[in-house]
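Reader: Before I use this model, I would like to go through the terms applied to it and set each one against its definition. Could you take me through them in turn?

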Amino acid sequence: MLNWNIRSSHKVQPDSKVFEEAVASYQKTISSDEIGFFRLPQNQELIAETKKVFEHFKHKRYFVHIGIGGSALGPEMLLSALGDSSGVEFIFINNIDPDDLCRKLEKINIKESLIYVVSKSGTTAETVAGMSILISMLLEAGIKEEEFKDYFVFCTDPVKGELRKLSKQWDVRALDIPSNVGGRFSVLTPVGLLPALFAGIEAEDILEGAEDIQKHLQDPKIGAEFFNLAFWIKDLHDQGIHQTVMMPYSSLLKEYSAWFVQLWAESLGKEEKGLTPIPAYGATDQHSQMQLFMEGPKDKVLMLIEVEKFQRDFPLKNNLECESFKNLSSFSLSQLMKAEFEGTLTALKENGRHVVHLKVPCLQAEYVGQLVLFAECLTVMVGELLKVDPFNQPGVEAGKKYANQWLKNHS
Ligand code: PA5
């Protein structure tokens, strides 16, 4: 089971009234019908529908995923963490850089592709642009509109939006992002589950892991530790410690940091409050950002994730006489990772830095599910304490509005 420990000299005695109010409000939020992310592991219908679509299209060789923000970061994170054993080639169209897109599209055979268009709103310009380019490719390849149902699957709001309308018009299969689940909280919906199935990942194990952490957090002792963690983060925030480093000691969790960045930034950064997330991964960033984390401004909380057991390993045994080789010879690569992790943890503590040590037994689907729901719950609880709404993103909407205005003015 995922566990965590605060490694810091900063102790808090939560103000009981503020604390109790925030906890009550959090409990109300996660069980309310308006907010759906917490109960996704129990939504059997979503996984059943996703599996049906997978069964229908599993012969496809290319999986072209079009989406941005919460509609892309979650699936990319799952595939990076859990791998792709299926032989299907994945292409993520998550931006509107024409040169990058060109490189990506050169790799695919459009006739053997499934194009998965993911947009909760169904109107995001970047996603619509990607989709319109793929439509042109299909038409150029001689595929007619009435055949689009054999190439496209949509993932969108169950009722609203243009993708939903198009799905009816073209008879294209459309999976649901429940109305009460926002983009950055949507990885446990078909947004992440369909790509996971195509990659050969046991999608149900991800959901089971999420369910495990859900139950775990309901245990009174664990729940109290979880609320204390959120309160500790908020207390440090109030003392000017406004940055959060997410640093798993795993290359495969590098995209988890990227996913967390969006979750933390877009959920908590509003009303002139917020915690700036910094993505990192160990041991690589020990040779890059760690100098700053260790001796720079004391304005950061570092969340270090330890993976206890790697699935593979390499002995470092060698017969070389040079000191640096000899020193490693009786160890394995994963033991070196452990040494780097422990060394950094100790040094950070000695330097008076604030660390949260998170630990997962290994990188299997269930533990990735736990990491996902844990981060989502923590985000919501910190949001309650900061008194911001973690589920809206008015700042993003404003940018979208002006971009549309620019397009109108230049048409
Ligand atoms: O978390 C969010 O709501 C956003 O980051 C969205 O995921 C992003 O803006 C894309 O929106 P949509 O899924 O509507 O295309």
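Author: In the largest nonpolar core, which has 93 residues, F226 and L378 touch the most other members. Helix α14 (residues 365-386) gives this core its largest share, 15 residues, and at least three residues come from each of domain 1 (3-31 + 207-386) and domain 2 (37-201), with domain bounds taken from an automatic or database domain assignment. The model is predicted, so that local features need pLDDT of at least 70 and side-chain atom pairs count only at pLDDT 80 or more, while totals for chains, interfaces and linings use all residues. Residues are numbered from 1 along each chain as its sequence is written, and side-chain values use heavy atoms, with hydrogens and water left out.

Reader: What makes a set of residues a nonpolar core?

Author: The set must consist of buried Ala, Val, Leu, Ile, Met, Phe, Trp, Tyr and Cys residues joined through side-chain atoms within 4.5 Å, where buried means under 20% relative accessible area with a 1.4 Å probe and protein chains only. A second, separate core of 23 residues includes Y62, I66, V117 and V172.

Reader: Which residues does L378 touch, leaving out those up to four places away in sequence?

Author: With contact meaning heavy atoms within 4.5 Å, L378 touches F226, L229, A230, I233, W264 and M303.

Reader: Why is D171 called exposed?

Author: Exposed means over 50% relative accessible area, and partly exposed lies between that and the buried limit; D171 has 53% relative accessibility and therefore counts as exposed. By the same reasoning E272, at 85% relative accessibility, counts as exposed.

Reader: What is notable about phi in D171 and in E272?

Author: Most residues other than glycine have a negative phi, and most peptide bonds are trans. Phi of D171, however, is near 60°, a positive value, and E272 has a positive phi of about 60° although it is not a glycine. A cis peptide bond, with omega about 0°, joins G282 and A283.

Reader: How do you know that S71 and S121 make polar contacts with the ligand?

Author: A polar contact is a pair of N or O atoms within 3.5 Å; within protein, one must be able to donate a hydrogen and the other to accept it, and residues adjacent in sequence count only if both atoms are side-chain atoms. A polar side-chain atom of S71 lies 2.7 Å from an oxygen atom of the ligand, and for a polar side-chain atom of S121 the distance to a ligand oxygen atom is 2.7 Å, so both pairs fall within the limit of 3.5 Å.

How values were computed: Helices (H or I, at least four residues) and strands (E, at least two) are DSSP runs, numbered from the N terminus.
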